[in-house]
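Welcome! Here is a short guided tour to read alongside the sequence and the 3D view.

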Amino acid sequence: MNEGLVVLVRSIISFFTLLIFAKLLGKQQISQLTFFDYVLGITIGSIAAELTADLSSRAWPHWVGLLSWATLGYLMELITMKWRYAAKYIEGETTIVIMNGKIMENALRKMKYRVSDIMALLRNKDVFDLNEVDFAIIEPNGQLSVLKKAEYAPLTPKDMNITKKSSGISTELIYDGILIEENLKQLNKDKKWLMNQLKAQGIKDVSEVFLATLNPSGSFYVDKYKDKIKKITDIGDYKGPY
Amino acid sequence: MRKFFVITIPILTIALFILTMLSDKVLKNSLSYDDNIPLSIEAIIIEIENDNWAEARDKTDLLSKAWDKVVKRVQFSAEKDEINEFYKNIARLRGAILAKDKSNALIELNEAYEHWENLGK
């Protein structure tokens, strides 16, 4: 028995099975995961690891375990999507911990959160003074959402009665020295226009550019391979190996 | 084309994996003239019962070669312990044949057969 070869084949099986199942299970971001999703991910990963390296048992039972967990996870997703009552039970619900500037002690006790935890979460949201908070809500994924009191809310163009155009999303025109013509067409521009823009920045050829982007409002960004920065700022706070 | 990538390829991949993982049930059986495990075991049992120890030793060598061939095919789906136990049975069988110990030789052969039976279960 060639153990190395067997582990290699089993790795391929578990890797691609995991990839396919993960695609089926959806696209939730890590930050959106509830505690249960997190545990589900760890368990599926650990079964995949056993499938790869545990040669003392057949690959099949591990694979069935993987399939069962992925299927149950998928069913849970379906149930929570279609049935809100079940979603509240399975995923939990939002809890208000600060209401009208007052801390809800009972809610904190129920959630097993200490005031220091809430203070830390508030600081993560750039809130250092409790007086600024109108509402604070703990989401099912454990993150804190904060609504500041009106007097502490940041000033917006709307408050000043200023109209601003939407800047839109930047699109890559050149990436790694290669022109992306599809994106250029999408923004109703041509190669001539792009070359003029590049010339204005002292660039003769597309191959000199690492990245060039354009957004619908007309803001053009270029980064060359040669940055010509003589003194690079070092933000390291301790001398390391590099 | 998109459907082919999104649906057909994953389904074919999963099907191939399942076939690989369950292949030991089929691949443990004889595919050529010199890799029939049950027949080899039976032949050795007959030689031992007739006290033909030299033939039993020769046929044990053949059984060992046959097992090597089968292992190459089933290693991706079978469990390692079952495979190794069979090797141990062969080693102990060689000892029993050297000592002309009929009862131990038969015990090892029967256990080896059980291990072969358990492949794919």
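**A helix with two sides**

On one side of helix H3 of chain B, B:Leu39 and B:Glu49 are exposed. Keep in mind as you look around that this is a predicted model. The points below start with that helix, then turn to the place where the two chains touch, and end with a sheet.

**Helix H3 of chain B**

- The buried residues of H3(B) are B:Ile37, B:Ser40, B:Ile41, B:Ile44 and B:Ile48.
- Seen down the helix axis, these buried residues fall within an arc of 95°, so they line one face of H3(B).
- A general rule helps here: an α-helix has 3.6 residues a turn, so residues three or four places apart point the same way.
- What do the buried residues of H3(B) pack against? Their partners are helix H4 (53-74) and helix H6 (102-118) of chain B.
- B:Leu39 and B:Glu49, the exposed pair, are on the other side of H3(B) from the buried residues.
- H3(B) covers residues 37-49, and because each residue should add 1.5 Å, its 13 residues should span 18 Å; the end C-alpha atoms are 18 Å apart, which agrees.
- Just after H3(B) comes B:Asp51, with a positive phi of about 60°.

**Where chains A and B touch**

- In this contact, 16 residues of chain B meet 15 residues of chain A.
- On the chain B side, H1 and helix H5 (80-98) each supply at least two residues.
- Which helix gives the largest share of the side of chain B that touches chain A? That is H1(B), with 6 residues.
- The axes of helix H1 of chain A (residues 3-25) and helix H1 of chain B (residues 2-21) come within 11 Å and cross at roughly 145°.
- The crossing of H1(A) and H1(B) is left-handed.
- From H1(A), the contact is made by A:Ile13, A:Phe16, A:Thr17 and A:Ile20.
- From H1(B), the residues making the contact are B:Pro10, B:Thr13, B:Ile14, B:Phe17 and B:Thr20.

**The sheet in chain A**

- Chain A has an open sheet of 4 strands in the order S2-S1-S3-S4, with antiparallel pairing.
- Its edge strands are S2 (102-103) and S4 (144-148), each of which pairs on one side only.
- Strand S1 (residues 95-99) and S2(A) pair in the antiparallel sense over 2 bridges.
- Which residue of S2(A) stands opposite A:Met99? Look for A:Lys102.
- In general, strands of a sheet pair through backbone hydrogen bonds, either parallel or antiparallel.

How values were computed: Residues are numbered from 1 along each chain as its sequence is written. Chains are lettered from A and ligands numbered from 1 in the order in which they are written. This is a predicted model: local features need pLDDT of at least 70, side-chain atom pairs count only at pLDDT 80 or more; totals for chains, interfaces and linings use all residues. Two strands pair if DSSP finds at least two bridges between them. The expected span of a helix is 1.5 Å times one less than its number of residues. A residue is buried if 20 or more other C-beta atoms lie within 10 Å of its own, exposed if 12 or fewer, and partly exposed in between; C-beta atoms are placed from the backbone. The arc is that of the directions from the helix axis to the C-beta atoms. Two residues are in contact if their C-beta atoms, placed from the backbone, lie within 7 Å. Axes are lines fitted to C-alpha atoms, for helices over the stretch in contact, and angles run from 0 to 180 degrees between N-to-C directions. A crossing is left-handed if the near helix is turned anticlockwise from the far one by less than a right angle, and right-handed if clockwise.
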